[in-house]
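Here are some exercises on pockets, cavities, a ligand and a small sheet. Try each task with the model open before you read its solution.

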Amino acid sequence: MLLGCIADDFTGATDLANNLVRAGMRVVQTIGVPDEGATVEADAVVVALKSRTIEPGDAVAQSLAALHWLRARGAGQIYFKVCSTFDSTERGNIGPVAEALADALGAEFVPVCPAFPENQRTVFKGHLFVGDLLLSDSSMRHHPLTPMTDASLVRVMQRQCRGRVGLVEHAVVRQGADAVRARMQALQAEGVRFGVVDAIANDDLMAMGQAFTGLPLLVAGSGVAIGLPQNHGLTASAAAAELPRVPGARAIVSGSCSPASNAQVVDFLRRGGEAFAVEPLRIAAGEDVAGEALRWAADRLGDQPVLFYATAEPEAVKAVQARLGVEEAGALVERTLSTIALGLVERGVRRLVVAGGETSGACVQALQVERLRIGPQIDPGVPWCHAPSPAAGAQGLLLALKSGNFGTVDFFTKAFTLLEQGV
Ligand code: ADP
């Protein structure tokens, strides 16, 4: 294993895995830390945790367990994947986890860079920009769990860790890998342990990727990943994204109520796709909506993909939430959609698209999926994956897990077209 990655949330893990595959690495993403005995065939493994907003002590413990598992399998370099908007609170968890990993690895200098210019996340003079806005002027300022009110990553990081934090400024990065290396050594000699690295374009990520060769630990968003495979002689190729062919029926399960998912459902219906609407109030009234959906599916699983959706416009969602409570409504719908997903796979579906971050989590759990091999990208941040699942038998199944606002309006159609073109 060339690279061992620890991601602080699930969709962030997939985003990172997707970038590594695009740059030429074969990647497996695991859901949580795998069993001690598990083996994985890949250039990089991304362990997806859910540690972004839990207690710092728990985040450290889980991250160290992931580190232990990855190192036991020979991971050459460790990549702690954080959000590209550096989502964290004053207490962490980026600083405490980075410091604990650095201690465990004996890392004396650790670069820190959440930049992903393709996704409008740039770092200049240590300040994080979201599009044209400083992080602290962006909507992240009002995030319910991790409000980001300071755009200076040097300051934010320094508040979260004991080790000194410094800056590798863009004037250095633009001179290339040797200059970055020299600056990192100089900072280390001054007693700096964490260096925020500026990046405003892909070239910067490629230069720093080269400069990071041999460092035990990196703290980064998913952008830095594009510059790492080159260090191992790997370049972008379709081979890294190859997945096993899995014949079988096709279906979509959508529990996301984001504007993008609403538009994608409307687009699927407009094209004449067959669909079953899951109504939360009927579930709450005790009706067997999942059973009904699966009976409805029985005659329809065949040539064309079928859609099961709870996706609704904001007013409808608010009305349901007012009746059932926000959490209860979410849990009811997630339970029903994941029961449907499992039933579909038991009835022969082998290519499944799931829309919604939490909905994906629930479906993956119901299908007892523990790992995903990452395949070709459908839209930025959303690849097709191959997953073993007890419900799918020996061949496993192909899954595309789309969070919230990802994907173009024709995403559901496009996903299956990509498969037909020969995954
Ligand atoms: P996203 O990635 O868009 O945030 P999620 O799946 O993470 O999507 O979250 C959507 C939440 O909304 C889930 O908990 C889901 O069960 C819930 N939900 C889906 N449809 C409805 C609906 N019609 N009414 C109320 N809640 C719903």
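Helices here are DSSP runs of H or I with at least four residues, and they are numbered from the N terminus. Keep in mind that this is a predicted model.

**Exercise 1. Find the helices that line the second largest pocket, and say which one gives the largest share.**

Solution.
Step 1: Start with the space itself, which comes to about 650 Å³ for the second largest pocket.
Step 2: Now look at the wall: 29 residues line this pocket, and Gly255, Ser256, Cys257, Val317 and Gly330 are the closest to its centre.
Step 3: Map the lining onto the helices. At least two residues each come from α11 (314–324), α12 (326–346) and α13.
Step 4: Pick the top contributor, and that's α12, with eight residues.
Step 5: Sort the lining by class, and you get 15 nonpolar, ten polar and four charged residues.

**Exercise 2. Do the same for the largest pocket, and work out which domains its lining draws on.**

Solution.
Step 1: The largest pocket holds about 1500 Å³ of space.
Step 2: Its lining has 46 residues, and those nearest the centre are Asp9, Thr11, Gly12, Arg52 and Ser403.
Step 3: Two elements, α1 and α13, give two or more residues to this lining. The largest share belongs to α13, which provides seven.
Step 4: Check the domains: domain 1 (3–235) and domain 2 (242–420) each put at least three residues into the wall.
Step 5: By class, the count is 20 polar, 15 nonpolar and eleven charged residues.

**Exercise 3. How many cavities of 30 Å³ or more does the structure hold, and what lines them?**

Solution.
Step 1: There are two of them.
Step 2: Take the largest cavity, with about 80 Å³ of space. Its lining includes Phe10, Thr11 and Thr14, along with Gly357, Ser360 and Phe406.
Step 3: Go by element, and you'll find α1 (10–22), α13 (357–366) and β18 (397–402) giving two or more residues each. The largest share, three residues, is from α1.
Step 4: Domain 1 (3–235) and domain 2 (242–420) both supply at least three residues to the lining of the largest cavity.
Step 5: Four nonpolar, six polar and one charged residues make up that lining.
Step 6: Turn to the second largest cavity, at about 40 Å³. Among its lining residues are Asp8, Arg52, Phe80 and Asp87, and the classes split into four nonpolar, two polar and three charged.

**Exercise 4. Which residues are closest to the ligand, and which polar contacts can you pin down?**

Solution.
Step 1: Of the 18 residues around the ligand, Ser256, Glu334, Glu358, Thr359 and Gly404 are the closest.
Step 2: Check the side chains: an N or O atom in that of Thr359 is 2.6 Å from a ligand oxygen.
Step 3: Then the backbone: a polar backbone atom of Glu358 sits 2.7 Å from an oxygen atom of the ligand.
Step 4: Finish with the ligand's nitrogen side, where a backbone N or O atom of Ala310 lies 2.9 Å from a nitrogen atom.

**Exercise 5. Trace the order of the strands in the sheet that contains β6, and find its edges.**

Solution.
Step 1: The three strands run in the order β6-β7-β8, forming an open antiparallel sheet.
Step 2: The edges are β6 (121–124) and β8 (133–134), since each pairs on one side only.
Step 3: Follow β6 to β7 (residues 127–130), and you'll count four bridges. One of the partnerships links Arg121 to Val130 in β7.

Notes. Residues numbered from 1 in each chain as written. Predicted model: local features only at pLDDT ≥ 70, side-chain atom pairs only at ≥ 80, totals over all residues. Heavy atoms only, no water. Pairing = 2+ DSSP bridges. 1 Å grid on protein atoms, 1.4 Å probe; cavity = no way out; pocket = protein on both sides within 12 Å on 5 of 7 lines; lining within 4 Å. Points joined across faces, edges and corners; volume = space filled by probe spheres on them. Nonpolar A, V, L, I, M, F, W, Y, C, P; charged D, E, K, R; others polar. Domains from an automatic or database assignment. Near = heavy atom within 4 Å. Polar contact = N/O pair within 3.5 Å; in protein donor to acceptor, adjacent residues only side chain to side chain.
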